[in-house]
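Trainee: I have the sequence and the model open. Can we go through the sheets, then the contact between the chains, then the confidence?

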Amino acid sequence: MNIKKIVHLLLQEAGIGVALLVCCIFFTCATEHFASMSNFTNILTQISINTVIAAGMTFVILLGGIDLSVGSVLALCTIVSGLILTRESFSSWQAIILSILASLVAGGICGLFNGVVSTKWKIHSFIVTLGMLNIARGAALLISDSRTYFNFPDSFIDFGALTFVGIPVIFIIAILFIIIGTIILKYTVFGRMIYAIGNNDEAVRLSGHNTNFYKVAAFVICGGSIGVAAIMYMLRLSISSPISGVGFELNAIAAVVIGGTSMSGGKGSLLGTFLGAAIIGVLNNGLLLVGLGDFARQIITGLIIVLAVILDTYRNKLSKKLESI
Amino acid sequence: MTKILELKGITVKFPGVVALNKLDMDIHEGEVHVLIGENGAGKSSLIKVLCGIYFPDEGSMLIQGKPYMPQAPIDAINAGIRVVHQEFNLLPYLSIAENIFFEKLPRKSGFVDFKKLYSDTDKLLKMVGLNASARTKVEMLGVAQMQLVEIAKALSTDSKILLLDEPTATLTDKDIELLFATIRRLKKSGITIIYISHRLKELFEIGDRITVLKNGEKVGDRLITEVDIPGLVQMMVGKSMHEEFQFRDNVKLGEEVLRVENLKRRESKYYNSFSVKAGEIVGIAGLVGSGRTENMRAIFGADRKESGEIYLHGEKIKIKSPQDAVKQGISLITEDRKSQGLVLDMPCSLNMTLTDPKKISTRGFINRQQERDVAEKLVKDLEVKTPSINQLVRNFSGGNQQKVVIAKWLFCGGKVFIFDEPTRGIDVGAKYEIYNLMWELAESGKGLVMISSDMPELLGLCHRILVFSDGEIVGEVQRKDFDQEKILHLAFKNYVEDKQ
């Protein structure tokens, strides 16, 4: 009985964690530089932005939706906030606070648009966010006149370079994000509604809830998290660019899917999403150290995504079987 | 007259239910044979046996003297039996011709032989009297025309026997004439038709012979010229049911809880009004599709209503969504608990508290201890059989699932409870437990409405019964006047009279 429970738990919750561990052990043995402090810091930096975007995406996917616009919205957020950050009329602290707020608001508004349009007119979010993908990119290019902003205040750049015992500050932001999100999803009424609606929209509606509110809220949360990710992007690279974030949506969706969240909604966790983002990061880094080129790495990452989903279906079947014993 | 189809002692059993009981039936070649019966009389089961979806537990069938026992729908098609279902099965973006020959497109060296396809289709369209090009896309057609396409599709496989299941349910009077002309034409060309319908009046126009089913048994078969409408209703009701429920008359009826005035839905031309008192169980009878469910959903705000007022304890309330209804204290136990009542892949405790999670939370955070206490109490009170409140409701039996649905409405403490087919698909033991729960609710002063197709259940449980017919409340029967025949007469009322 106990063994069964443990196996069940491993399959259900820790499957991805085990996979991550296997990857790490493999690369530690295969290369000499993988298991070094500097490389560790490197990986954490690389996965932070994707983690935050994927966390926002998880809310949307848990409701059976999808957000393809995250990359473009990130570019728009960096531009809006970069514009404020490089204004000389503000003091540097004023500029920093205003730019963070602006990024969050810009992301939130884009999310609000996605959410309202897709629920009000019952259009699949795939289409609406495909539209937003173009709208936000166009807006970013238009506002910036296709220029890149830099020359951010020193205090901003210094903050971005901070590390605590090898852990970069943007990774700490990402982890905080995952923890807060997990608390919301697991312990609040709001989170419970997200899962319930993802499972059976109509039953929740007929229980007397405004399901559209939650759907719009999920998109706004996703937009807000892109706002955060945009600030992290600027902290890391010290630029804001209208052509940043291309393809970010695919990495985010990959992290969510590898993390075991069901594309049809109702099942998944932010811990899974974080581990998914970590696996992608470790693979990218490790395969590079092994000596594979960009192209080969891309092929392997693609295969891993498909493999993860196949394993997920088996995992579900197996854990169901165990449950019925 | 030669017999084209003979059924001998056909029996179909499901756990706890006998759907068809030793049914004998003869269908003569070239006739229009009408099949009628109440909800649950066994009409659908019979269709499914004939077209190879159900396999009978006992009995045999003969087609033109040869044994016939379909294992799958394809066997029925090969034997020359085709069904035209009430719900159409057409692909809207393909042409008429492609729809008709979808399963067997004529081919020439690997490609579709369009010449043959269109000429074959034209022949069939002529047969059913549909004046349209074989190339027309199905989405361009009206309902009546789509039906003719369905019939043409059924004829495309050299069918000898055609089953029409409620073919006029969605047709206007003019379209019905068109359909009848087609049926007469088919009859002339030697095709046998089995015709199933609720609309008693039209049977006399089109039928030759009639078989009446009740509780899975044949009550009788007659020539259509030998019967009239009152006679048919009498046959469908059969002998009076023995009273198996102990009606509790210890409940003192209180003041009016719910009053609905002039409720009108966009899809219906009728305005309906009724009221429910505290402690009262108001039954709602009517055929499936007579607007029972639709009207209750409109009251609850699940579907739009065009007009109408709703009063709760004499006060007018606005209901635009289920959210409003729940806030005001109206509960709807939906017909389909799996897709509308429960979140199947979530725990029992979550489902039980789904109507008002705020009650078990503080500042947005769920209080697990409180949730456990609430769920465990409900499990105990309702005698839900489960090892744990964390069990997924998907693993529950029908009766226990229904109890979870009722529990979630008890949890949010409504004033009015609308039950839509609360005991459908539930075993007998659980049925009585649910009746008891309903009684307890009534005794505690709630107003109850119960939609049911199970007549004995309505007669046994309700203070009075409202009867729906074709979207209208056509009558109200008080307990002292309860009479199955009378109720059934009312249920057929708007289908019998001319719809001028």
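Trainee: In which sense do strand 13 and strand 16 of chain B pair?
Mentor: Start with the residues in this predicted model. Arg259(B) stands opposite Tyr311(B) in strand 16 of chain B. Strand 13 (residues 256-264) and strand 16 (residues 307-312) of chain B are joined by 5 bridges (strands pair if DSSP finds at least two bridges between them), and their pairing is antiparallel.

Trainee: What pLDDT do local features need here?
Mentor: Residues count from 1 along each chain as its sequence is written, while chains are lettered from A and ligands numbered from 1 in the order in which they are written. The model is predicted: totals for chains, interfaces and linings use all residues, side-chain atom pairs count only at pLDDT 80 or more, and local features need pLDDT (the predictor's confidence in each residue, from 0 to 100) of at least 70.

Trainee: Which strands are the edges of the sheet 14-13-16-17 in chain B?
Mentor: This sheet is open, has 4 strands and pairs antiparallel. Strands here are DSSP runs of E, at least two residues long; helices are runs of H or I, at least four; both are numbered from the N terminus. Two of the strands pair on one side only: strand 14 (272-277) and strand 17 (315-317) of chain B.

Trainee: At what angle does helix 9 of chain B run to strand 13 of chain B?
Mentor: Within the sheet, neighbouring strands are turned by 20° on average, direction ignored. Helix 9 (residues 292-300) of chain B packs on the sheet, touching strand 13, strand 14 and strand 16 of chain B. Axes are lines fitted to C-alpha atoms, for helices over the stretch in contact, and angles run from 0 to 180 degrees between N-to-C directions. Helix 9 of chain B makes an angle with strand 13 of about 110°.

Trainee: Which strands are the edges of the sheet 18-21-22-15-23-24 in chain B?
Mentor: This one is also an open sheet, with 6 strands and mixed pairing. The strands that pair on one side only are strand 18 (330-333) and strand 24 (472-478) of chain B.

Trainee: Which helix packs on this sheet, touching strand 15, strand 23 and strand 24 of chain B?
Mentor: Strand 15 (residues 281-285) and strand 23 (residues 464-469) of chain B run parallel, joined by 4 bridges. Ile284(B) has Leu466(B) as its bridge partner in strand 23. The helix lies at about 25° to strand 23 of chain B, and is helix 17 (residues 484-496) of chain B.

Trainee: How many residues of strand 23 of chain B are buried?
Mentor: A residue is buried if 20 or more other C-beta atoms, placed from the backbone, lie within 10 Å of its own, exposed if 12 or fewer, and partly exposed in between. Strand 23 of chain B is largely enclosed by the rest of the structure, because its buried residues number 5 of the 6.

Trainee: Which residue in the hairpin of strand 23 and strand 24 of chain B takes a positive phi?
Mentor: These two strands pair in the antiparallel sense over 6 bridges, with Arg464(B) bridged to Gln478(B). The hairpin has 2 residues between the strands, and the phi near 50° belongs to Asp470(B).

Trainee: Which element of chain A gives the most to the side that touches chain B?
Mentor: The contact takes 19 residues from chain A and 26 from chain B. Residues are in contact if their C-beta atoms, placed from the backbone, lie within 7 Å. On chain A, helix 8 and helix 9 give two or more residues. The most, 6 residues, come from helix 8.

Trainee: Is helix 8 of chain A mostly covered or mostly open?
Mentor: Its buried residues include Met193(A), Tyr195(A) and Ile197(A). They pack against helix 2, helix 7, helix 9 and helix 10 of chain A, together with helix 12 and strand 20 of chain B. With 9 of 11 residues buried, helix 8 (residues 189-199) of chain A is mostly covered.

Trainee: What share of the residues of chain B count as buried?
Mentor: Chain B has 17 helices and 24 strands. Its C-alpha trace spans about 70 × 55 × 45 Å along the principal axes. Of its 500 residues, the buried share is 45%.

Trainee: Over which residues of chain B does pLDDT stay under 50?
Mentor: The mean pLDDT of chain B is 88, and 96% of its residues reach 70 or more. For the complex, the predictor gives an ipTM of 0.86 and a pTM of 0.80. Where pLDDT is low, predicted coordinates should not be read in detail. The stretch under 50, with 4 contacts beyond four places in sequence, is residues 239-243 of chain B.

Technical notes:
Contact = placed C-beta atoms within 7 Å.
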